[in-house]
Amino acid sequence: MGAKTFDRGVGVVIGLVAGGAATLLWFVVASGTPTAGEMPSQGLLLGMWRVFYDLAAPTPRIILGAVALAFLFAAGIAMLERGTSSKARRSLNQRTTPLSAGIVMARTRGVFAGAVTVTVLVPAHNEEASIFATLSSLLAQSHRPERVVVVADNCTDGTVDIARSLGVEIFESRRNTFKKAGALNQILKVLLPGQGDNDLIMVLDADTRLDDGFLEAAVGRFTSDRALMAVGGLFYGEEGSGLLGQFQRNEYIRYSRDIRRRRGHVFVLTGTASLFRPVALRTVAESRGDTIPGASGDVYDTAALTEDNELTIALKSLGALIISPSECTVVTEVMPTVRTLWVQRLRWQRGALENIGAYGVSPSTFRYWAQQLGLGYSVIALSAFLLLVLVTLLAIDSWVWFPFWLGLGLVFIAERVVSVWGGGLRARLLALTLFPELIFDVFLDLVYVKGIIDITLGRQAQWGHVIHSAPNDEPRRVA
């Protein structure tokens, strides 16, 4: 009962903290009083309300205070995250951190576990339109996997026939009602007992294509580092879906860029393509119901809406070392309509909130809490900015140039363009126009607010799944 109450309280906590931070900043900014020669200008909003606005730049005290606060917050999170990961690597506590580098290195010292092999699991539910391209990219890898198993979950289309024609194995789930996580749990209970330390298991989404060299790079990392427990892929959006697709491609490019700057230290082991050592998955299954949430014996928590995010937190909580190398890249689907994108992002957001609620506040989850608080603060900041711009435009009689804010705007636009430079001309032009991406950001903010409201009110969440029955057909979503 307590855990469930805390899960629902996540939205309240994040809303209060983010709102409190915004209120505190407001008081800091408003604390100064202008001198007689610095009185703000005024105008009438819609001919009824008097509005005051200031053409001068913020004082150096406010600018320096805001910059110092931002640096302090970022440095604090970075130092805490680094300290937490360092402590987890050195830990020798077999119960709480059985996957720490110290324990793994001691257990495997002087032991030859054989050559590294790869078994790929491809969970698929009615993926006939994409499964051929996915399997073809997998079978064409420079390091070809030793075994490929398509995990067909309640398929009613030609997914199984297409997979079988390519010569891969088929595993059909039995009476599974827990979506992707449930199907994977079934195959893993069969597969894991016979796996050695170097028999890697990869989970690859049926709508994802591996770039050539993915497996070779990943296997190289596992071969050179016995303590490494998991490797995730950096994902890019597939072509198509017009402007909406480009929004998503720009977003994915920026995310991958951030991970590269963090030298592969990943936020989430993406469900599109990740590899695991069997000992990591077995340890997760054994620890569920004890030191981490979930049902004992299950690798994936079937109660989680975002099983990849939850598994990442589980592995980090157990001390596992995980990375996403820059060489391991994949191309994944983009949502073709606003409706399907809304469903996908609401599931991601709701799942992230539920996961940190289930794990509570701990060193391994602090980064995720900070991320959600940052999102909450950004929602307030962007909403306030757009509202103030609108109010000012409606209140003034003639156009006014604000040099300070124009300068900041140019810096912001430059950052947006540079951060998607590798995406090509279309990505750069979209970032340069600025306002379309701001509208997309508002859309994501609305998703965030909806997720906060839903989890606080205890509303039932939807998993959602987009089916492409044929390449030219209209996509449809099922629960």
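Good morning. Lysine 179 lies in helix α6, and I begin there. Although lysine 179 is not a glycine, its phi is positive, at about 55 degrees. Most residues other than glycine have a negative phi. Lysine 179 has a relative accessible area of 32%, so it counts as partly exposed. Please bear in mind throughout that this is a predicted model.

A second residue belongs beside it. Serine 241, also not a glycine, has a positive phi of about 70 degrees. Serine 241 sits in the loop that joins β9, residues 234-237, to α8. With 31% relative accessibility, serine 241 is partly exposed.

Let me now give the overall picture. The protein has 479 residues, and 47% of them count as buried. Its elements are 15 helices and 14 strands. Among contacts with a separation of 6 or more, 75% join residues that are 24 or more positions apart.

How confident is the prediction? The mean pLDDT is 86, and 87% of the residues reach 70 or more. Among the elements, strand β4, residues 147-152, has the highest mean pLDDT, at 98, whereas strand β14, residues 476-478, has the lowest, at 41. Residues 1-5 have a pLDDT below 50, and in the model this stretch makes zero contacts beyond near neighbours in sequence. Residues 469-479 also have a pLDDT below 50, but that stretch has 22 contacts beyond near neighbours in sequence. Where pLDDT is low, the predicted coordinates should not be read in detail.

I turn next to helix α9, residues 278-287. Is this helix enclosed or open to the outside? Eight of its ten residues are buried, and α9 is therefore largely enclosed by the rest of the structure. The buried residues are Pro278, Val279, Ala280, Leu281, Thr283, Val284, Ala285 and Ser287. What do they pack against? Their partners include three helices that you may wish to locate on the screen: α3 (101-108), α6 (179-191) and α10 (307-317). The strands β6 (199-204), β8 (228-232) and β10 (273-276) are also packed against these buried residues. Helix α6, which holds lysine 179, is thus a partner of α9. Just after α9 comes glycine 289, with a positive phi of about 85 degrees.

Another buried position is leucine 135, in helix α4, residues 131-139. The relative accessible area of leucine 135 is 0%, so this residue is buried. Setting aside residues up to four places away in sequence, leucine 135 touches Val122, Val148, Val150, Ala163, Leu166 and Val168. Leucine 135 and threonine 208 are 73 residues apart in sequence, yet their C-alpha atoms are 9.1 Å apart in space.

The remaining part of my talk concerns helix α15, residues 435-457, and two helices that meet it.

The first of these partners is α8. The axes of α8 and α15 come within 11 Å and cross at roughly 80 degrees. An angle from 65 to 115 degrees counts as roughly perpendicular, and α8 is therefore roughly perpendicular to α15. On the α8 side, the contact is made by Phe247, Gln248, Asn250, Glu251 and Arg254, and on the α15 side by Pro436, Glu437, Phe440 and Leu444. By type, these residues are four nonpolar, two polar and three charged.

One of them deserves a closer look. Asparagine 250 is found in α8, which spans residues 242-261. Is asparagine 250 buried or exposed? Its relative accessible area is 0%, so asparagine 250 is buried. Leaving out neighbours within four places in sequence, asparagine 250 is in contact with Val420, Ala427, Leu430, Ala431 and Glu437.

The other partner is α12, residues 366-395. The axes of α12 and α15 come within 10 Å and cross at roughly 125 degrees. These two helices are therefore oblique to each other, and their crossing is left-handed. In α12, the residues that meet α15 are Gln372, Leu375, Gly376, Ser378, Val379, Leu382 and Leu386. Facing them in α15 are Leu438, Asp441, Val442, Asp445, Tyr448 and Val449. This contact divides into eight nonpolar, three polar and two charged residues.

To close, I return to α15: this helix is roughly perpendicular to α8 and oblique to α12. Thank you for your attention.

Notes. Residues are numbered from 1 along each chain as its sequence is written. This is a predicted model: local features need pLDDT of at least 70, side-chain atom pairs count only at pLDDT 80 or more; totals for chains, interfaces and linings use all residues. Side-chain values use heavy atoms; hydrogens and water are left out. Axes are lines fitted to C-alpha atoms, for helices over the stretch in contact, and angles run from 0 to 180 degrees between N-to-C directions. Helices (H or I, at least four residues) and strands (E, at least two) are DSSP runs, numbered from the N terminus. Angles under 35 degrees count as roughly parallel, over 145 as roughly antiparallel, 65 to 115 as roughly perpendicular and the rest as oblique. A crossing is left-handed if the near helix is turned anticlockwise from the far one by less than a right angle, and right-handed if clockwise. Contact means heavy atoms within 4.5 Å. Ala, Val, Leu, Ile, Met, Phe, Trp, Tyr, Cys and Pro count as nonpolar, Asp, Glu, Lys and Arg as charged, and the others, Gly among them, as polar. Buried means under 20% relative accessible area, exposed over 50%, partly exposed in between (1.4 Å probe, protein chains only). pLDDT is the predictor's confidence in each residue, from 0 to 100.
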